[in-house]
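Here are a few exercises to work through with the model open beside you. Try each task before reading its solution.

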Amino acid sequence: MNQIIENLLTRRSVRAFTEEEIKKEDLEIIARCGAYAPSALNGQSRQFTVVTDRAVITELSDAIAIACNREGYDMYKPVAIIIPSDERDNRFFTEDLSCALENMFLAAHSLGIGSVWLNQLRVTCDSPEVRSILSRLGIPKSHAVCGFCALGYAKNKDIPIPKKTNVIRFFD
């Protein structure tokens, strides 16, 4: 089978990560793949913020937990996150960031790195606790987030891939 198609068919969300760090070069490749995703009208107004500092990741997950009123929320304890953000006045920022996230998930999978889409920043990015962290990370106040990419090596690598049946229909 074609490697790209195999990558598309075998990628799954990972919600349990090991403590193993991800090489900076791999994080750069993953973020670059996000930057190369399509953007409406070729606007390319996105920014990609890569965070590997565990203390900052924990601080952000704690702030999100407070903003969402979700006690014990830990973002699955990733070893790295990539936050794609875009100008909130870009009427297609959700679509642009979604394309970027999918590219990053597929790039991570091709490198043997697990990933999961976390969407809590969509509703919390403007809460004061969360926004102060995002601002410290250099994410402009004019930027919004539709989701972000949690990354790490999967603890459970041998999870069976469920078959997707009865979801494609042809009308000839």
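**Exercise 1. Find the residues that Thr18 touches, leaving out those up to four places away in sequence.**

Solution. Start with the contacts: Thr18 touches Val79, Tyr153, Ala154 and Lys155, where contact means heavy atoms within 4.5 Å. Before going on, a word on the ground rules: this is a predicted model, in which local features need pLDDT of at least 70 and side-chain atom pairs count only at pLDDT 80 or more, while totals for chains, interfaces and linings use all residues. Residues are numbered from 1 along each chain as its sequence is written, and side-chain values use heavy atoms, with hydrogens and water left out.

Next, place the residue. Thr18 sits in the loop between helix H1 (3–10) and helix H2 (24–35); helices (H or I, at least four residues) and strands (E, at least two) are DSSP runs, numbered from the N terminus. Now compare sequence and space: Thr18 and Gly152 are 134 residues apart in sequence, yet their C-alpha atoms are 6.7 Å apart.

Finally, check exposure. Thr18 counts as partly exposed because its relative accessibility is 24%; buried means under 20% relative accessible area, exposed over 50%, and partly exposed in between (1.4 Å probe, protein chains only).

**Exercise 2. Identify the residues of the largest nonpolar core that touch the most other members, and say where the core comes from.**

Solution. First, recall the term: a nonpolar core is a set of buried Ala, Val, Leu, Ile, Met, Phe, Trp, Tyr and Cys residues joined through side-chain atoms within 4.5 Å. The largest one has 25 residues, and those touching the most other members are Leu60, Ile64, Met75, Ile81, Ile83, Leu121 and Phe148.

Then trace the suppliers. At least two core residues come from each of helix H3 (54–68), strand E2 (80–87), strand E3 (114–118), helix H6 (128–136) and strand E5 (148–152). H3 gives the largest share, six residues.

Now zoom in on Leu121. Setting aside residues up to four places away in sequence, Leu121 touches Leu60, Ile64, Ile83, Val130, Leu134, Val145 and Phe148. To finish, look for a second, separate core: this one has 20 residues, including Leu27, Ala107, Ala108 and Ala144.

**Exercise 3. Which residues are linked in a network of salt bridges?**

Solution. Begin with the criterion: a salt bridge is a side-chain nitrogen of Lys or Arg within 4 Å of a carboxyl oxygen of Asp or Glu. Searching the whole structure gives four salt bridges.

Take the first pair to inspect: the side chains of Arg88 and Asp126 meet at 3.0 Å, N to O. Arg88 lies in the loop between E2 and helix H4 (93–110), and Asp126 in the loop between helix H5 (120–124) and H6, so this pair links distant parts of the chain, 38 residues apart.

Add the next partner. Arg131 also forms a salt bridge with Asp126, with the closest N and O atoms 3.3 Å apart. The network is therefore Arg88, Asp126 and Arg131.Compare exposure within the network: Arg88 is partly exposed at 36% relative accessible area, Asp126 is partly exposed at 47%, and Arg131 is buried at 8% relative accessibility.

**Exercise 4. Locate the parts tied together by the salt bridge between Glu59 and Arg136.**

Solution. Look at the pair: the side chains of Glu59 and Arg136 meet at 2.7 Å, N to O. Glu59 lies in helix H3 and Arg136 in helix H6, so the bridge ties together parts that are 77 residues apart in sequence. As a last step, check exposure: Glu59 is partly exposed at 32% relative accessible area, while Arg136 is exposed at 54% relative accessibility.
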